[in-house]
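Here is a friendly walk through one protein chain, from its core outward to a few contacts worth finding on screen. Keep the viewer open as you read.

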Amino acid sequence: MKLNDTLEQAQGQLEKLDDAQFDQLDFEWEGIRFHAKSEENHSNGAHIHIQANLGRLFLTVEDPNQRAMAIERLYSTNRGIDSSYSIGDQGKITFESITTTDEKLLGSELMSALTLILLESENHLRALRSHLRPIN
């Protein structure tokens with residue numbers, strides 16, 4: 001009986017998602033908080049912009065090997081992907097992806113596109129994050 005109620009609730013949530021026409025959202029995936037938005041491009045088409053804070057580099061005195069591996073992975077990954085990683089203040093590592101689309105995506109279409117983008121980024125996101133201090 002409880003399983004049936006849970007399935008009905010899940011189906012109701014999915015139906016609401018299909019009807020929703022949101023163009024941005026904040027979500028957590030693999031323990032990482034992301035902000036994503038779909039925007040019209042001034043020249044033509046649109047793009048999906050995703051940002052996330054992955055953690056921070058270990059200080060050299062904390063763990064020099066993890067720090068070196070994270071920096072190496074960051075720079076080698078940036079050469080081979082459409083997304084990019086950057087090192088900010090106090091060693092904060094951020095992920096950013098801008099994907100061009102034919103039109104501004106909304107609701108479930110945006111969710112589908114985000115899923116594909118993150119699945120393509122999954123391996124290098126996990127690999128880099130494994131060498132970083134967690135976010136507090």
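## The nonpolar core

The largest nonpolar core of this predicted model has 24 residues, and Phe34 and Leu54 are those with the most contacts inside it. Strands E1 (24-29), E2 (32-40), E3 (46-56) and E5 (92-101), together with helices H2 (64-78) and H3 (107-129), each supply at least two residues of this core. The largest share comes from H3, with 7 residues. As background, nonpolar side chains tend to be buried together in soluble globular proteins.

Phe34 is a good residue to centre the view on. Its relative accessible area is 1%, so Phe34 is buried. Leaving aside neighbours within four places in sequence, Phe34 is in contact with Leu25, Asp26, Phe27, Trp29, Ile50, Gln51, Ala52, Phe95, Leu118 and Leu125.

## Strands and turns

Next, look at how the strands pair. E1 and E2 run antiparallel to each other over 6 bridges, and the bridge partner of Gln24 in E2 is Lys37. These two strands form a hairpin with 2 residues between them, and Glu30 in the turn has a positive phi of about 55 degrees.

E2 also pairs with E3, again in the antiparallel sense, over 7 bridges. Here His35 has Gln51 of E3 as its bridge partner. The hairpin formed by E2 and E3 has 5 residues between the strands, and in its turn Gly45 has a positive phi of about 70 degrees.

## Aromatic pairs

The model has 4 aromatic pairs. One of them joins Trp29 and Phe34: the ring centres are 6.2 Å apart and the planes stand at 55 degrees, so the pair is tilted. Tyr85 and Phe95 form another tilted pair, with 5.4 Å from centre to centre and 50 degrees between the planes. This second pair links distant parts of the chain, since Tyr85 is in strand E4 (residues 84-87) and Phe95 is in strand E5, 10 residues apart.

How do the members of these pairs differ in burial? The table lists each relative accessible area.

| Residue | Relative accessible area | Class |
|---|---|---|
| Trp29 | 21% | partly exposed |
| Phe34 | 1% | buried |
| Tyr85 | 4% | buried |
| Phe95 | 1% | buried |

Trp29 counts as partly exposed because its 21% is not under the 20% that defines buried. Together with Phe27, the residues Trp29, Phe34, Tyr85 and Phe95 form one aromatic cluster.

## Around Ala70 and Phe58

Finally, turn to helix H2, where Ala70 has its place. Ala70 counts as buried, at 1% relative accessibility. Which residues does Ala70 contact, leaving aside its neighbours within four places in sequence? They are Leu57, Leu128, His131 and Leu132. Ala70 and His131 are 61 residues apart in sequence, and their C-alpha atoms are 5.2 Å apart in space.

Phe58 lies in the loop between E3 and H2. With 18% relative accessibility, Phe58 counts as buried, because the cut-off is under 20%. From Phe58 to Ala70 the C-alpha to C-alpha distance is 8.8 Å, with their positions 12 residues apart in sequence counted as separation. Not counting residues up to four places away in sequence, Phe58 touches Asp63, Gln66, Arg67, His131, Leu132 and Arg133. His131 and Leu132 are thus among the contacts of both Ala70 and Phe58.

Conventions. Residues are numbered from 1 along each chain as its sequence is written. This is a predicted model: local features need pLDDT of at least 70, side-chain atom pairs count only at pLDDT 80 or more; totals for chains, interfaces and linings use all residues. Side-chain values use heavy atoms; hydrogens and water are left out. A nonpolar core is a set of buried Ala, Val, Leu, Ile, Met, Phe, Trp, Tyr and Cys residues joined through side-chain atoms within 4.5 Å. Buried means under 20% relative accessible area, exposed over 50%, partly exposed in between (1.4 Å probe, protein chains only). Helices (H or I, at least four residues) and strands (E, at least two) are DSSP runs, numbered from the N terminus. Contact means heavy atoms within 4.5 Å. Two strands pair if DSSP finds at least two bridges between them. Rings of Phe, Tyr and Trp (its six-membered ring) pair if their centres lie within 6.5 Å; planes under 30 degrees apart count as stacked, over 60 as edge-to-face and the rest as tilted.
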